[in-house]
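Visitor: I would like a close look at a single part of this structure. Please keep it plain, and take the neighbouring details along where they help.

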Amino acid sequence: MRRVLQLVILGIASATMAQQRPKLVVGIVVDQMKMEYLYRFSDDFSANGFKRLMQNGYTFHNMHYNYMPTYTAPGHASVYTGTTPSVHGIVGNEWFNKATGKEMYCTDDASVATIGDGTKSEGEMSPKNLQATTITDELKLATNFKGKVIGISLKDRGAILPAGHFANWAFWYSQTGAFISSTYYGQQLPDWVTEFNNQKHFLKYIDKGWNLLKPKETYNESLTDNNPYEGKLYKKTPFFPYSLKEMYADNNAGVLRSTPFGNNLIIDFAEKAIEAEALGKDNITDFLTVSFSATDYIGHTLGPRSIELQDTYLRLDESIGEFLAFLDKTVGKDNYLVFLTADHAGAENVTYLKDNKYDVDNIPWKNIERALAEFSVKTFGVDLLLNYSNYNVFLNKETIKTKGLELSKVKQAFKDYLYAQPYVKKVYTEEEILSASSGDYYAGFVAKGYDPVQNGELVVNFKPGYVEYSATGTTHGSPYSYDTHVPMLFYGWGIKKGESHNKKLITQIAPTLAQKLKIPFPNGTEANVLEEVLNE
């Protein structure tokens, strides 16, 4: 009898252990963060932020995206679904819709309305265009919808896509300075959100202005202040200090997005959400998704070598340290699991590369679209181009048919024209992409980012170093390592210390979390996992 009782007790204990999960998972995406920044700025980081995650958690040094285009919306969707745009359907931030002949935005949803102090268009958003489930969706299903899921970002897409279809809430920042949501999630904002908004937290950052966090000589990993590769921040010369009051007076509260304090505001709001929603307070796992967008806005405008960008990362490092301390206090040191990655990386400024004798160039996409239309008129006597965007060429099949032209010959003519351009490395037709029989390494990237219902008849891959952008700042979108190589840090519950330099793919994150939490995989994933963080 005693032996039987022991076996029963052991069985109960084993079952309990098998279901053991962290009380809270926090997914952090840093918009446009290159892995290189963890190395370049390391000497100036505190011990409590990025270094705490790296030194006490698990670091994947060689994590990459495996598709193009490497943009924000596809990136967030891919991290949380464990698959690529060809499956989850988010093929860009916005894209040309063949059915309507118009541009559509990744989270557009005219069937819902803004809730909170935002404009009509700011809140007409939902995850309806996301075709696959997320790890957050699977957690909701696995807990019979008892686990809470909340998404937070300055950008609507950075909040909505990670939080998935079943989220309790997704909140994003309005140009009014308030966090808003949509009726997809509820009919009115929770009281704590309204209270937070009424306190106008954004104003304390506007009033303070933006000066350097540390002495100017600290920033020797960056180029000089007001260097020729920086754009202007809301028409202001890129030089410290910045008067945010002036920017705000001339614009709206959206100016905070392009300062490091946009990240601070996200931390303020995330901490309030954890307290008000009691995240991590019971034994049913909750999931908070946080996306820091200010890094992307600043990177685009001022570039990867600007003092402003370095200052933003030094401040973000401090904010992450404070946030981890908050989690220690409210959830408990061993009760939460954090992962940190990025939705894409970013290219070097092309003018900077040219000035240092690398023969590359920046090509504004409007110039490409105009040139393609001119080529078509010259060759066929009519403009057969419907749209050029996201490296996709959309052809007017109806006009091609009406004119008695052969689609295959039109495609080949456009392809030949593009190959004559100095910035083009490879042009892929729809048939070549879908056949997936090419030995071309980058053809795989194109195929994984391609949805035949939503993409064009041709996809263009630029030569390395060439970008679709202006002469200042930077952008992203290519399949090259400067756009695909991002950080991947795991920390906290069930994570051993360690590091790996083997190449890993961003689509491995979600299925790894599924295995870690012992819940089903997101439905579109190939289910390849990061074994290093599963072996405790």
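Visitor: Is helix α13 (residues 294-302) largely enclosed by the rest of the structure or exposed, and why?

Guide: This is a predicted model, and what follows is computed from it. Helix α13 is largely enclosed by the rest of the structure, because seven of its nine residues are buried. A residue counts as buried when its relative accessible area is under 20%. In α13 the buried residues are Ala294, Thr295 and Asp296, then Ile298, Gly299 and His300, and finally Leu302.

The cover over these buried residues comes from several elements. Among the helices, it includes α4 (72-81), α12 (261-276) and α14 (307-330). Strands β1 (24-30) and β9 (286-292) are also included in that cover. Just after α13 comes Gly303, which takes a positive phi of about 90°.

One of the covering helices, α14, also takes part in a salt bridge. Its residue Asp328 pairs with Arg52, with 3.0 Å between the closest N and O atoms. The pair links distant parts of the chain: Arg52 lies in helix α3 (residues 50-56) and Asp328 in α14, 276 residues apart. Both partners fall under the 20% cut-off for buried residues: Arg52 has a relative accessibility of 12% and so counts as buried, and Asp328, at 19%, counts as buried too.

In total the structure holds 23 salt bridges, and two more pairs can be set beside that one. Glu36 and Arg40 meet through their side chains at 2.8 Å, N to O. Both residues lie in helix α2 (residues 36-40), four residues apart, which is about one turn of the helix. Here Arg40 is buried, with a relative accessible area of 13%, whereas Glu36 is partly exposed at 25%. This pair also belongs to a network of salt bridges that links Glu36, Arg40, Arg305 and Glu348.

The other pair is Glu124 with Lys120, whose closest N and O atoms are 2.7 Å apart. Glu124 is buried, at a relative accessible area of 18%, while Lys120 is exposed, at 63%.

To return to the part you asked about: α13 is largely enclosed, since seven of its nine residues are buried, and the elements covering those residues include α14, the helix that holds Asp328 of the salt bridge with Arg52.

Methods: Residues are numbered from 1 along each chain as its sequence is written. This is a predicted model: local features need pLDDT of at least 70, side-chain atom pairs count only at pLDDT 80 or more; totals for chains, interfaces and linings use all residues. Side-chain values use heavy atoms; hydrogens and water are left out. Buried means under 20% relative accessible area, exposed over 50%, partly exposed in between (1.4 Å probe, protein chains only). Helices (H or I, at least four residues) and strands (E, at least two) are DSSP runs, numbered from the N terminus. Contact means heavy atoms within 4.5 Å. A salt bridge is a side-chain nitrogen of Lys or Arg within 4 Å of a carboxyl oxygen of Asp or Glu.
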